[in-house]
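Colleague: I have not worked with this structure before, and I would like to learn how to read it feature by feature. Could you take me through it slowly, giving the idea behind each feature and then the case at hand?

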Amino acid sequence: MEWKLEGSTQRTESQVLQGVEGFLEDTGEDGLSESFQLLQIDVDVEREYRRREGETAPTGSAAWCSKNVQRKQRHWETIVAAKKSRRKQERERRKAQRAENPGICTQHSKRFLKALTKEKLLEAKHSGPRLCIDLSMTHHMSKKETSRLAGQIRRLYGSNRKADKPFWICLTGFTTDSPLYEECLRMNDGFSSYLLDVTEEDCFSSFPLESLVYLTPDSEHALEDVDINKVYVLGGLVDESIRKKVTFQKALEHSVKTARLPIQEYMVRLQNGKNYHSEILAINQVFDILSTYFETHNWPEALKKGVSPGKGYVLRTLCSDGQPEIATAGGDVREGC
């Protein structure tokens, strides 16, 4: 017995199965296998018929969906088509721009810029200035202070990556089982792949003592220049209790040369209501000053970038008689120049 595809073309497979049920009741067990074969043939014919009907429908598979679904589908197809059109127009615009201005450098890909940054950092390892962050004092810090130091290391490394003349950075006294190491992994994406040196030894064992210059605000000597043959050491210490001369005393114990940033030489105290003036900077702020000076050889410009007005200092300017001006809290100049 063969089932005919008559009546509505929208008949479902469930209707076919209902018709077969009566047929199977009259059929014995011997004819059961043959009946299922016939049923399978009819179902396949029904599916093939629907597939061909769907191909000829103007909206494709959407003809079997609700109007709301079809509307959303058309809206999505319109957005995709518009994006493709804009991309094509942008490619043509860039192509025409390159043809008109062959000498202009085009925008580089992220992969190229990443490779260029890596090349600059590796070049600094062999011929650039070196910066050492002394992390041997982190056991004195609280969890909050440790987190702040981890953030400063992240900002320092980010600034160094963007620099035209980067430093080669070394983290000394840094152990993998320390709370600071765990904080760096937690807070800094890709910390384990940073291009820098890491050692558990302190800075006094990692470098010749005569090559070290420990930067500390308690030093009597102002830093005059950045020498690529020297290793500049920053104390990796965030101390909210403001213990004085910690890094200075440590440098003296090892007979290492010390220096401070020339804030006193190029800046003056800003009069403010709190009478607050501090030369203590975060390690990333000190690095921004060193990096800017190394590129520009201009201390005022470098100090302006790293010393915020909140520290109570502003750049020193000269009056007509050669005497320095003293700035007030409102930005005006005190009379007497």
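Modeller: Let us begin with burial, keeping in mind that this is a predicted model. A residue counts as buried when its relative accessible area is under 20%, and Phe-191, with a relative accessible area of 7%, is therefore buried.

Colleague: Which ring has its centre 5.1 Å from that of Phe-191, and how is that pair arranged?

Modeller: The partner is Tyr-194, and because the planes of the two rings stand at 65 degrees, the pair is edge-to-face. Tyr-194 is itself counted as buried, because its relative accessibility is 13%.

Colleague: How many aromatic pairs does a search of the whole structure find?

Modeller: The search finds nine aromatic pairs. One of them joins Phe-174 and Phe-191, whose ring centres lie 6.1 Å apart with planes at 90 degrees, so that this pair too is edge-to-face. It links distant parts of the chain, since Phe-174 belongs to the loop between β2 (168-172) and α6 (179-187), while Phe-191 belongs to the loop between α6 and β3, 17 residues apart. Phe-174 has a relative accessibility of 4% and therefore counts as buried.

Colleague: Which residues do the ring pairs link into a cluster?

Modeller: The cluster is made of Tyr-157, Phe-174, Tyr-181, Phe-191 and Tyr-194, linked through ring pairs. A ring can also have a charge placed over it, and here the charged end of Lys-165 sits over the ring of Phe-294, at 5.8 Å from the centre of that ring.

Colleague: Let us turn to the sheet. How should I read the order of its strands, and which strands are at the edges?

Modeller: The general idea is that strands of a sheet pair through backbone hydrogen bonds, in either a parallel or an antiparallel way. In this structure there is an open sheet of six strands, paired in parallel and ordered β3-β2-β1-β5-β4-β6. Its edge strands are β3 (197-198) and β6 (257-259), each of which pairs on one side only.

Colleague: How many bridges join β1 to β5?

Modeller: Strand β1 (residues 130-134) and strand β5 (residues 231-235) run parallel and are joined by five bridges. Within this pairing, Asp-134 stands opposite Gly-235 in β5.

Colleague: With which residue does Asp-134 form a salt bridge?

Modeller: A salt bridge is read from the distance between a side-chain nitrogen of Lys or Arg and a carboxyl oxygen of Asp or Glu, which must be within 4 Å. Asp-134 forms one with Lys-250, and their closest N and O atoms are 2.9 Å apart. This pair links distant parts of the chain, with Asp-134 in strand β1 and Lys-250 in helix α8 (residues 246-253), 116 residues apart. Both partners, Asp-134 and Lys-250, are buried.

Colleague: How many salt bridges does the structure hold?

Modeller: It holds five salt bridges, and among them is one between the side chains of Glu-90 and Arg-93, with an N to O distance of 2.5 Å. These two residues are separated by about one helical turn, because they are three residues apart in helix α3 (residues 67-100). Glu-90 is partly exposed because its relative accessibility is 28%, and Arg-93, at 43%, is likewise counted as partly exposed.

Colleague: And in helix α6, are Arg-186 and Glu-183 buried or exposed?

Modeller: Their side chains meet in a salt bridge of 2.8 Å, N to O, and both residues lie in helix α6, three residues apart, or about one turn of the helix. Arg-186 is exposed, because its relative accessible area is 58%, whereas Glu-183 has a value of 9% and is therefore buried. Salt bridges may also share partners, and in this way Glu-90, Arg-93 and Arg-94 are joined into one network.

Colleague: Which residues make the nonpolar surface patch?

Modeller: Phe-112, Leu-113 and Leu-116 make a nonpolar surface patch of about 250 Å². Phe-112 lies in helix α4 (residues 110-127), and with a relative accessibility of 39% this residue counts as partly exposed.

Colleague: How far apart in space are Gly-128 and Ile-228?

Modeller: Their C-alpha atoms are 6.0 Å apart, although the two residues are 100 residues apart in sequence. Gly-128 is placed in the loop between α4 and β1, and its relative accessible area of 13% is why it counts as buried.

Methods: Residues are numbered from 1 along each chain as its sequence is written. This is a predicted model: local features need pLDDT of at least 70, side-chain atom pairs count only at pLDDT 80 or more; totals for chains, interfaces and linings use all residues. Side-chain values use heavy atoms; hydrogens and water are left out. Patches are made of residues with over 30% relative accessible area and no salt bridge: like charges are joined within 9 Å, nonpolar side chains (Val, Leu, Ile, Met, Phe, Trp, Tyr) within 5 Å. Accessible areas come from the Shrake-Rupley method with a 1.4 Å probe; for residues, only the protein chains shown count as cover. Helices (H or I, at least four residues) and strands (E, at least two) are DSSP runs, numbered from the N terminus. Buried means under 20% relative accessible area, exposed over 50%, partly exposed in between (1.4 Å probe, protein chains only). Two strands pair if DSSP finds at least two bridges between them. Rings of Phe, Tyr and Trp (its six-membered ring) pair if their centres lie within 6.5 Å; planes under 30 degrees apart count as stacked, over 60 as edge-to-face and the rest as tilted. A charge sits over a ring if NZ of Lys or CZ of Arg is within 6 Å of the ring centre and within 35 degrees of the ring normal.
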